[in-house]
Amino acid sequence: MSDSPKSKKTQSLIQLALFAGIVILLNILVNVRIGGRGLYANIDLTEEKRFTLSPATESMLRDLDDVVFVKVLLEGNFPAELKRLQRATLEVLEDFRSVSPYVEFDFEDPSAGTSEEVNQLREQLRAWGLQPTNFGTRDESQIVYPFAFVRYGDRVFPVDIFEEDVPGVIPDEIINLSISQLEYKLANAIQKVQVSPNNREYILFTEGHGELDSMQLYDFRTSLDAFYATASVDLDSIITIDQQVKLLVVAKPTESFSERDKFKIDQYVMTGGKVLWLIDHVAMGLDTLMVKPLPYYPAPYELGLADILFKYGIRFQDNFVLDYRCSNIPLIMGPQGTPPKFFRYPYHPVIVPEVDHPITKGLGLINLRYPSGLDTEVQLPPGLNRTVLFSSSVNSMYQKLPVGMDFDFLRYPLKQEAFQKPPQPLAMLIEGEFPSFFANRMSAEMKEGMEQLNIEIRDQSLPTSMIVVADGDIARNEINRDGTPNALGYNIYEANGRGYLFRGNKDFLINCVEYLVSPHGVFEARGKEVKLRLLDKMKAEQQKTIWQMVNVVFPIFFLVLFGFGYNWWRRRKYAGK
């Protein structure tokens, strides 16, 4: 006896209700969070693990105890390349929210709203030092504001999610690099915005040895002051450097360090302290050359640091490194009152960091002044590792001291064939366990004094790291005639006197600080790489017809084939009935 039409209808309704109930139950289970994470999971099949958050980022997000709101100014009509950045930003924020329910976000169009609201937003961006980007592709160009604001309580942290446009790098690569840094930039912002002003880590700048003063370091220190507690210290005024100090910065000293000062730095390193050395090896500057009788013969500074740095595996070459890729200087070549002419000056190299390291990844151009080479042939003590962070270009040369300095060579165009030396190392990272410079060198009187002060003397350091840069001016911002500081990296002589900001100077220094202070935090995410897999446009054009057939004709063919097959199967099944 066959089922009645009414019973079949009832059965169908029951099956539909069961199916709907199962779907609703699965959605509820997927959105239930245990320990801040949903019950669902995704599988990252990308080679570079693009959709997998670093452990440090996940740990930081799980520790959130209040709402973090991220406002992203990437909404509106813009080129397809920026759409890719928008989509990637959304994916990263969704990954963040999958770890912590406290992460909330929204995308806004910076050009939407009334003219008053738009102008107010742009003024706020300028106050943060955020400048719009003229993003251009082969087909179109547009002014965009690729920024995000991370808010936690009453504190706000701005984020520039677009990497600097480097000459010679195609927009697709810039976007790809920007995508690879999204996790780090957003995670770092969330981490920074949570730090209370009363709980900031300490960074000390040495003084008393002719170092750069507070105005010359204004931009660098102001950038650090937003998240760290910075101060200057005369080493003569303290007995030891407190272990709570996370980083010691030695910024372009010009006068000698005493043995006592070196001992304090050495023992600070032995306790795991980090040091950022920004050193001018040779006493040379453009102002000096302008006022001295020519030719001028510069000499190395007598800093008294050569022996202790050599113990740590660091030695400066007695030379100047020159680079065919360089910035400009102005010179007056005619009578007084004649406007200056601008000449490319190889003693001021322009560096494009190419080392695959989190500190230098994605950096823009860096402008140096009269750097000396770093000797990588110095044998490192056991337990230490050396990484060259950046070097001069493949079109380099060097001049060994003594050398007479003048401007006569600028009367003739620079010849690339004269710059045939290989890249010269100009910045290094050294990590591991450092030997003490004062091991087996301390007098009995000094040991007794340390014992009376209850200070433990170490001969070997805890695992730590330091960075040395062969140019102290990398941290110096110029001072205007009215006494106000310029932005760090701003060169007033570039672009025929219109000026150009070398953003890489400050970005590099900030990255050095971040790495030295917290090497295993969210900074690890800076090393993430998203590979650029560009479409072969020539091959695509040649095979255009074939792929049109595959995408248009084949689906229709298979649909028709399926229809015929299904009808044939039905006729065969029900033919006997």
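**Notebook: local features of the predicted model**

I looked up threonine 360 and found that its side chain reaches the backbone oxygen of valine 355 at 2.9 Å. I note that I am working from a predicted model throughout. Threonine 360 is situated in the loop between β15 (341-351) and β16 (366-367). I recorded its relative accessibility as 1%, so I list threonine 360 as buried.

**Positive phi values**

I turned next to the loop that follows β16. Tyrosine 370 sits there, between β16 and β17 (384-391). I noted its phi as near 50°, a positive value in a residue other than glycine. Is tyrosine 370 buried or exposed? With a relative accessibility of 4%, tyrosine 370 counts as buried.

I also entered alanine 495, a residue other than glycine whose phi is positive, near 55°. Alanine 495 belongs to helix α12 (residues 494-497). I recorded alanine 495 as partly exposed, because its relative accessible area is 31% and the partly exposed class lies between the 20% and 50% limits.

**Cis peptide bonds**

I checked the bond from leucine 294 to proline 295 and found it to be cis, with omega near 0°. Proline 295 is placed in the loop between α9 (286-291) and α10 (306-311).

I then checked leucine 401 and proline 402, which are joined by a cis peptide bond with omega of about -5°. Where does proline 402 lie? I located proline 402 in the loop between β18 (396-400) and β19 (425-432).

**Surface patches**

I examined the surface for charge and found a patch of negative charge where Glu75, Asp106, Glu108 and Asp109 gather. Of these residues I followed up glutamate 75, which I placed in the loop between β3 (68-72) and α3 (80-99). The relative accessible area of glutamate 75 is 34%, so I entered this residue as partly exposed. That value also satisfies the patch criterion, because a patch residue needs over 30% relative accessible area.

I looked as well for nonpolar surface and found a patch of about 1000 Å². Its residues include Met549, Val552, Val553, Phe554 and Ile556. Phe557, Phe558, Val560, Leu561 and Phe564 are also among them. Which helix holds valine 560? I found valine 560 in helix α15 (residues 544-574). I recorded 43% relative accessibility for valine 560, which means that this residue counts as partly exposed.

Notes. Residues numbered from 1 in each chain as written. Predicted model: local features only at pLDDT ≥ 70, side-chain atom pairs only at ≥ 80, totals over all residues. Heavy atoms only, no water. Patch = residues over 30% accessible without salt bridge, like charges linked within 9 Å, V, L, I, M, F, W, Y side chains within 5 Å. Areas by Shrake-Rupley, 256 points an atom, 1.4 Å probe, with all protein chains shown as cover. Salt bridge = Lys/Arg side-chain N within 4 Å of Asp/Glu carboxyl O. Lys, Arg positive; Asp, Glu negative; His and termini not counted. Charge placed at Lys NZ, Arg CZ, Asp CG, Glu CD. Helix = DSSP H or I, 4+ residues; strand = E, 2+ residues; numbered from the N terminus. Buried < 20%, exposed > 50% of the residue type's maximum accessible area, 1.4 Å probe, protein only. Polar contact = N/O pair within 3.5 Å; in protein donor to acceptor, adjacent residues only side chain to side chain.
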